[in-house]
Number of protein chains: 2
Amino acid sequence: MTVTTESTSSHPLFSKHEKTLRQALDTIWRRGYWSAYPESPSPRVYGETAAADGKAAFEAYLGADFPLDQPGDRVATERSPFGIPLDVRYPHTDPDTLVARASGALPAWRDAGVDARVGACLEILARLHEHIFELANAVQFTTGQAFVMAFQAGGANALDRGLEAVAYAYAAMTRHPATAYWEKPAGKRPPLTMTKTFHVVPRGVALLVGCNTFPTWNGYPGLFASLATGNPVIVKPHPGAVLPLAVTVRYARQVLAEQGFDPDLVQLAVEAPGEGVASALATRPEVRIVDFTGSTAYGDWLEANARQALVYTEKAGVNTILVDSTDDFAGMCANIAFSLTLYSGQMCTTPQNILVPEGGVDTDQGHRSLAEVAAGIAAAVGKLTGDAARGVELTGAIVNDGVLDRLAEAADLGEPVLDSRTVEHPAFPDAVVRTPLIRQLTAADGDTYGREWFGPIAFVVATASTTESLAVFEHVVGERGALTASVYSTAEPVLDAAERAALTVGVHLSANLTDGVYVNQSAAFSDFHATGANPAANACLTDDAYVAGRFRVVQSRRPV
Amino acid sequence: MTVTTESTSSHPLFSKHEKTLRQALDTIWRRGYWSAYPESPSPRVYGETAAADGKAAFEAYLGADFPLDQPGDRVATERSPFGIPLDVRYPHTDPDTLVARASGALPAWRDAGVDARVGACLEILARLHEHIFELANAVQFTTGQAFVMAFQAGGANALDRGLEAVAYAYAAMTRHPATAYWEKPAGKRPPLTMTKTFHVVPRGVALLVGCNTFPTWNGYPGLFASLATGNPVIVKPHPGAVLPLAVTVRYARQVLAEQGFDPDLVQLAVEAPGEGVASALATRPEVRIVDFTGSTAYGDWLEANARQALVYTEKAGVNTILVDSTDDFAGMCANIAFSLTLYSGQMCTTPQNILVPEGGVDTDQGHRSLAEVAAGIAAAVGKLTGDAARGVELTGAIVNDGVLDRLAEAADLGEPVLDSRTVEHPAFPDAVVRTPLIRQLTAADGDTYGREWFGPIAFVVATASTTESLAVFEHVVGERGALTASVYSTAEPVLDAAERAALTVGVHLSANLTDGVYVNQSAAFSDFHATGANPAANACLTDDAYVAGRFRVVQSRRPV
């Protein structure tokens, strides 16, 4: 595929954004590096006033009714990990109204066609990009991410993931022609001839169930994949992280209304505490698609109960690092430490188990004992978190009490490597900040390390050998799943064995990361996020399987 | 995409068949006419001895142990609708053995790579094509199809559908590169660079649950889609139509063994009467894909219980014809009559409900009353079936007693239009042959016409108007599903309304068929079969969604 700049569509928004779309399409089939939305919040990129304007827009939401024209009383459920008062009051629209309005909006959106829908989706992404600082603040103060990370992961990279989903959807919807001519020879009789029309038809109403930590990054792929393929989307945020998705819904509705579409194609579904609106919506017969990121328990519930829908889930996993040997011991320790520290380990991709042979490993600094490997990683974490002001810009804050509870529970497991510290945030005195905890276990402690300890909790697991490390890896990930895995080795046979094990249990593998790429980061258009091939997720962000089922082709044919 | 003749692969079988594959790929994205396997059984196409050789090969199976090197005692369950003794004895391999052998065969098949697997699949299709007369006889004498239909639908067209699935699988697996180079600018520092490898990984063991009427046509898409994407396939035929799939498994295993692959990549799972082996296999944790064609009850059971697997089902539906007006009354009646008569209406695509306004319809022969429309269709059926010798070559025989029971039950419903007749088959005195039954109902008889009466049973349903016909169509198909629908009208607004209704309920629509294309026929590479958008099926044969979930991409990356 080549990148063209001349538009092939008569839809103005499609033409306006077609170059971006073509570049996205080119990149997903090439899997190289590209980003449509700059991830540096620098004034040189976004202008001198952008940061302040975005902050002001964010602050205007606080303690107020959120500007969204949906019916219902108002409800506020968020509590900021940074300890600032939020009290944003959202319209509390009941499920019947949400489903009825979404269903009513479907036919015209379907009939608008691929280019109109894709053009509108691209315009929504552009509109959100105009408000990226506002989004970043919303992500920061609901999830606990530090600002730069909230800007990047919650803003620029989330938009890239949304664009990627639109590109996959566009490719899938246009792979077949809209019309075709068919002529079958019939011997001496005239040939049989038919004209055929192929309509893209959406599945129905889509439900997005957002998560607490990455509401936009994990939410945008499903939102835009469903919307582009013709499905109205009901966006049900996590009660602790409503604002990022409320902002998203606000601007999506704004664009849709401007283009003459029904804004109810994208609606916000907030809930009062304990209301369980996700379950009520997910089991409605009209809801035919559910996208979910969150706990294994609720993901399994959705898969078991939302049987009328296609259910895409990303759940818990046990991410694993295998340490066999390295030619850059300092780089390895620094790289692992960064992955453990970033957002206090509250990423679905953060490593948990670091498998190290009990006899130690060969490195460029000579043989290093197990204790020295553990100490090396601990020291690197200490370096990243030693200065409070710099440290909090990496760790951010703790998203909710569940993480604190786990951290307390893990504090006495096995042997100590590195204790978690409570840090006073220089700017937000009420912020809940913790540094990573590292404990040392043995291969026999599978009951402990064999499940997810979401948060700033990591285990150095002593194994008999790299062979046992591989066996532990295969066993745990095969049983519990994982979103990421990585291996450090200077031996090709070990790298090959790790890659083979990764294929067997279906997890993406990174090898010998010692520089500025981290195992918990995946790049839109190039890296797949999750595989759908192990228990941690039943889908991948984003591949053809992620979009192909969201629409159907209905054909009509008639003789010429 | 352009069709190239120069091979791009180092795999000999891939190169051997690449031109065929490229032509298939070109056609599926163009949706024009093409067939890889000639559907005329003429000696001018297949040679003077092909028909006799195939018949002899078929007859050699009868009353004997089927030549398949699988363990187990032998079991015979088939009874021919043509009344000839079959008594083919198949190896009765237990589920544990089948699953263990399939699982054991997986890694090497996965590691062989896309070209090797696709090459082998194409060779299997070519091998089956060499045995097309043998296959046609097997289909004829187990399903009850007349010979020419068995040759076409059960042989040539089934092979086309298999090839189509291989083409979709190949396209899906090769859309992403196998390796990529990624380079991200890092300001003044050197760029971050990674090499990435993308592995296609199968889901696991696949199970094909075959049907009684079209074991090959409905079975090959799932079989070849799963196999090409790396999944070993356990083929579980309907107890009444084992031979066509046993022949398929035989030659598939032959090709696999010749190529050095484990023949257990394709295994036959037969069952003793009442054994329920499909349920035992479908719920095994190792089984990750199930393809099924058959009853709604069992399809629903599979969807509810084979929860560890992707389940693709084609179930019952209520196919509908809307008659509004026509400029070719004779052509319309003849076309509908042919559809009702072909294989005694035992196609999942055979129309059941013919909705006609009670005031009659305008035609090229002037206004025709409801009674005249019904009589016109009945007369055309009579013409096709009046001569026994010619008639049986259309109707074939009745596949099983369930059809006879329904035919008896339907005989007194509503008002008579055309009675079913028992016909003596000139060549097979014990064949069970019946001509179509047509009864007249009213729109109020939804309890009767609102469900499937599989077999040679059709209803002319009197409606108040075409508007009511459309409402009945939407209601019944929305609730019960359909695989086909058609409309006759000379008025564009009616055709548009029918097309809109078809989109709403997600069913493929044919308009004004009066010549040699019939609503119950769909052409590989051009027509989609089923939509997945109504209760009659949750999948389409074949589109991207049908293949995309059968494999996953597992990525590995390392710094350059």
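The C-alpha centres of domain 1 and domain 2 of chain A sit 33 Å apart in this predicted model. Domain 1 takes in 12–312 + 539–559 and domain 2 takes in 320–511, with bounds that come from an automatic or database domain assignment. Where the two touch, 17 residues of domain 1 of chain A meet 20 residues of domain 2 of chain A, contact meaning heavy atoms within 4.5 Å.

Between them these domains bury about 1300 Å², and carbon and sulfur atoms give 64% of that; buried area here is the accessible area (1.4 Å probe) that two parts lose on being put together, summed over both. On the domain 1 side, Pro81(A), Phe82(A) and Met149(A) supply 34% of the area buried against domain 2, more than any other three residues. The domain pair has 1 salt bridge, that is, a side-chain nitrogen of Lys or Arg within 4 Å of a carboxyl oxygen of Asp or Glu. Arg79(A) and Asp401(A) form a salt bridge through their side chains, at 3.2 Å from N to O. There are also 5 residue pairs in polar contact across this interface, both residues at pLDDT 80 or more. A polar contact is a pair of N or O atoms within 3.5 Å; within protein, one must be able to donate a hydrogen and the other to accept it, and residues adjacent in sequence count only if both atoms are side-chain atoms.

Turning to the chain pair, 76 residues of chain A are in contact with 76 residues of chain B. About 6200 Å² is buried between the two chains, 51% of it on carbon and sulfur atoms. Leu503(A), Arg552(A) and Arg557(A) lose the most area to chain B within chain A, together 12% of what that side buries. The rule finds 17 salt bridges across the interface of chain A and chain B. Arg175(A) and Asp544(B) are joined by a salt bridge, with the closest N and O atoms 2.7 Å apart. Polar contacts across the chain interface come to 44 residue pairs, both partners at pLDDT 80 or more.

As for bookkeeping, residues are numbered from 1 along each chain as its sequence is written, while chains are lettered from A and ligands numbered from 1 in the order in which they are written. Local features need pLDDT of at least 70 and side-chain atom pairs count only at pLDDT 80 or more, whereas totals for chains, interfaces and linings use all residues; side-chain values use heavy atoms, with hydrogens and water left out.
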